[in-house]
Amino acid sequence: MNHQLEIIEVIDEYGNITKAGKQFEGLPRFIVREKILNELSNKGILKSISDHNMCIPLCSRTHDVVEYLLKEQWFIKCKDMAQKAIKAVKQGHLKIIPNTQETLWYDYLNNIRDWCISRQIWWGHSIPAYYITIEGKIEWIIARTENDAKIIVQNKYGSDIKLYKDEDVLDTWFSSAILPFAIMGWPEKTEDLKKYYPLTLMETGRDILFFWVARMVMLGLELTNCLPFDEVLLHGLLCDAYGKKMSKTLGNIVSPENIINGISLNDLTEQMKVII
């Protein structure tokens, strides 16, 4: 985008080649890669084929090869919010325990980038964005409800324009960041909001100091003009023999059932194979 180059989509969402691939259109990407090699070989311009090390991104759940596709995304500007979060700690309004983690807090927030909050997955909070197509170009409408978006479109273009809803959902960390006040009825000034917000203490693992805590602070200050909590207590993490955090996704956890009932080495090995 910075170089104003034409955006060419070669692979579609089903893993098949688009019309940009001409004679290969509609074929699965893996088959086409073999066909391209054959084409190059037939034309006498394939110099050699050799193995080399490379990093191929795989889905942690399905282990399928992840292809990078160009998608329109929604971003939040974070620079000003980050400075408010930095100021809150420096002025003592927000206390981080242990205070050795303050250095990490400042490092994260001083080098923050715009936050991509849209995700192309099936679950999550829907993004309140709608779009129409005018002369081949997409125009976005931001509204609280679909009816509000329809009114905006009708007033501007009439009733014959078809309205579509953005299928993206909000980043999980965005939904988590607004949790302290959103569940209390915000933006309405409810009794629960007055009684239970802000919190006094936030206790969590140090590994999500930026992903969750900093974002709760930034959005809390931005949307409610109030810190979501006064103190952050960061506890330690359980790690395996290789220093990696224990997680179900990695499969390096210890099942409580195995501790209670016992398990043989062979059964444990088979169990790990299923998890991985």
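Reader: How far apart do the C-alpha centres of domain 2 and domain 3 lie?
Author: This is a predicted model, so to speak with its own ground rules: local features need pLDDT of at least 70, side-chain atom pairs count only at pLDDT 80 or more, and totals for chains, interfaces and linings use all residues. Residues are numbered from 1 along each chain as its sequence is written, and side-chain values use heavy atoms, leaving out hydrogens and water. Domain 2 takes in 75–117 + 171–235 and domain 3 takes in 128–165, with bounds from an automatic or database domain assignment. The distance between their C-alpha centres is 34 Å.

Reader: Is the protein chain spread out or a compact globule?
Author: Its secondary structure comes to 10 helices and 10 strands; these are DSSP runs numbered from the N terminus, helices being H or I with at least four residues and strands E with at least two. The radius of gyration (taken over C-alpha atoms) is 25 Å, while the globule rule (2.2 Å times the number of residues to the power 0.38) gives 19 Å for 276 residues. The first value is well over the second, so compared with a compact globule the chain is more spread out.

Reader: Which residues of H2 are buried?
Author: H2 covers residues 79–90. Buried means under 20% relative accessible area and exposed means over 50%, with partly exposed in between (1.4 Å probe, protein chains only). On that scale, the buried residues of H2 are Met81, Ala82, Ala85, Ile86, Ala88 and Val89.

Reader: Why do those residues of H2 sit on the same side?
Author: An α-helix has 3.6 residues a turn, so residues three or four places apart point the same way. Going by the directions from the helix axis to the C-beta atoms, the buried residues of H2 share one side because they cover an arc of only 155 degrees.

Reader: What is on the face of H2 turned away from its buried side?
Author: The buried side has its cover, which includes strand S1 (75–76), strand S2 (95–97), helix H3 (102–110) and helix H8 (209–224). The face turned away from it carries exposed residues, namely Lys79, Asp80 and Lys90.

Reader: Which residues is Phe210 in contact with, leaving aside its neighbours within four places in sequence?
Author: Phe210 belongs to helix H8 and is buried, its relative accessible area being 14%. Its C-alpha is 7.2 Å from that of Trp105, although the two are 105 residues apart in sequence. Counting contact as heavy atoms within 4.5 Å, and with those neighbours set aside, Phe210 touches Tyr108, Leu109, Ile112 and Arg215.

Technical notes
Expected span 1.5 Å × (residues − 1).
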